[in-house]
Amino acid sequence: MIKRNSDWFVPNTMDRFFDNFFNDSLKNGANSFNPRTDIAETDKAFEIEIAVPGFNKKDFNIDLNDGLLTISGERKFEKERSEKNFYSIQTEYGSFKKSFQLPDNINSEKIEASYENGILSLAIPKDESKKLVSKINVK
């Protein structure tokens, strides 16, 4: 699985630094953020967890198109709280969009998503009939 938009703050190489600068900085505006994401693989599935506290289930859009999984969402700041004077707001508001190129050995019909305790979780089951491992003989 390939993460399409890596963290801007920790580039691993100079190439990634410039890729992030020219690609991510142009598309991310003042009203967007990049939530932390964990990606894991088990024998039976790939698992993605995105930390997005304060969202509602209806705030997310999840699309799969030609093997590209796109997860997006938006959380709007409620300005109608006249009884409070905020001195600091560190929670993230605005929109986010994350894309992942999925491998060919997944079962796209059985992808499941859930949202609990501020974590959006996706389980992407593998299709055992589409194994990506093959044996290559040396001649």
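What follows is a walk through the fold, the core, the sheet and a few side-chain pairings of this predicted model.

Start with the overall layout. The chain holds one helix and eight strands, and reading along the sequence gives the pattern β-α-β-β-β-β-β-β-β. Of its 139 residues, 27% count as buried. Contacts that reach across the sequence carry a good part of the picture: among contacts with a separation of 6 or more, 58% are between residues 24 or more positions apart.

Next comes the sheet. Four strands make up an open sheet, in the order S2-S3-S8-S7, with antiparallel pairing. The edges are S2 and strand S7 (112-116), each of which pairs on one side only. On average, neighbouring strands here are turned by 15° against each other, direction ignored. Zooming in on one pairing, S2 and strand S3 (residues 45-51) run antiparallel and are joined over five bridges. One of the residues involved is threonine 37, whose bridge partner in S3 is isoleucine 50.

Now for the greasy part. Nonpolar side chains tend to be buried together in soluble globular proteins. In this model, the largest nonpolar core has 17 residues, and Val52, Leu69, Ile71 and Leu120 are the ones with the most contacts inside it. Two or more residues come from each of S3, S5, strand S6 (94-101) and S8. Isoleucine 71 is a handy residue to click on: leaving aside neighbours within four places in sequence, isoleucine 71 is in contact with Ile50, Asn61, Ile62, Phe96, Lys97, Lys98, Phe100, Leu120 and Leu122. That list includes Ile50, the residue already met as the bridge partner of threonine 37.

Threonine 70 is worth a look as well. This residue lies in strand S5 (residues 68-75) and counts as buried, at 14% relative accessibility. Its side chain makes a polar contact with the side chain of serine 99, at 3.4 Å. Not counting residues up to four places away in sequence, threonine 70 touches Asn61, Ile62, Asp63, Lys97, Lys98 and Ser99.

As for charged pairs, a search of the whole structure turns up two salt bridges. In one of them, glutamate 41 pairs with lysine 126, and the closest N and O atoms are 2.5 Å apart. This pair ties together distant parts of the chain, 85 residues apart: glutamate 41 sits in strand S2 (residues 37-41), while lysine 126 sits in the segment after strand S8 (119-125). The two ends have opposite labels for accessibility. Glutamate 41 has a relative accessible area of 52% and is therefore exposed, the cut-off being over 50%. Lysine 126, at 16%, is buried because its value falls under 20%.

The other salt bridge joins lysine 58 to aspartate 59, with the closest N and O atoms 3.7 Å apart. Here too an exposed residue meets a buried one: lysine 58 is exposed, with a relative accessible area of 69%, whereas aspartate 59 counts as buried at 19% relative accessibility.

Finally, a stop further along the chain. Serine 129 is placed in the segment after S8, and at 66% relative accessibility this serine counts as exposed. Measuring from C-alpha to C-alpha in the model, serine 129 and isoleucine 106 are 9.5 Å apart in space, with their positions 23 residues apart in sequence.

Notes
Residues numbered from 1 in each chain as written. Predicted model: local features only at pLDDT ≥ 70, side-chain atom pairs only at ≥ 80, totals over all residues. Heavy atoms only, no water. Salt bridge = Lys/Arg side-chain N within 4 Å of Asp/Glu carboxyl O. Buried < 20%, exposed > 50% of the residue type's maximum accessible area, 1.4 Å probe, protein only. Polar contact = N/O pair within 3.5 Å; in protein donor to acceptor, adjacent residues only side chain to side chain. Contact = heavy atoms within 4.5 Å. Pairing = 2+ DSSP bridges. Axes fitted to C-alpha atoms, helices over the stretch in contact; angles between N-to-C directions. Core = buried A, V, L, I, M, F, W, Y, C linked by side-chain atoms within 4.5 Å.
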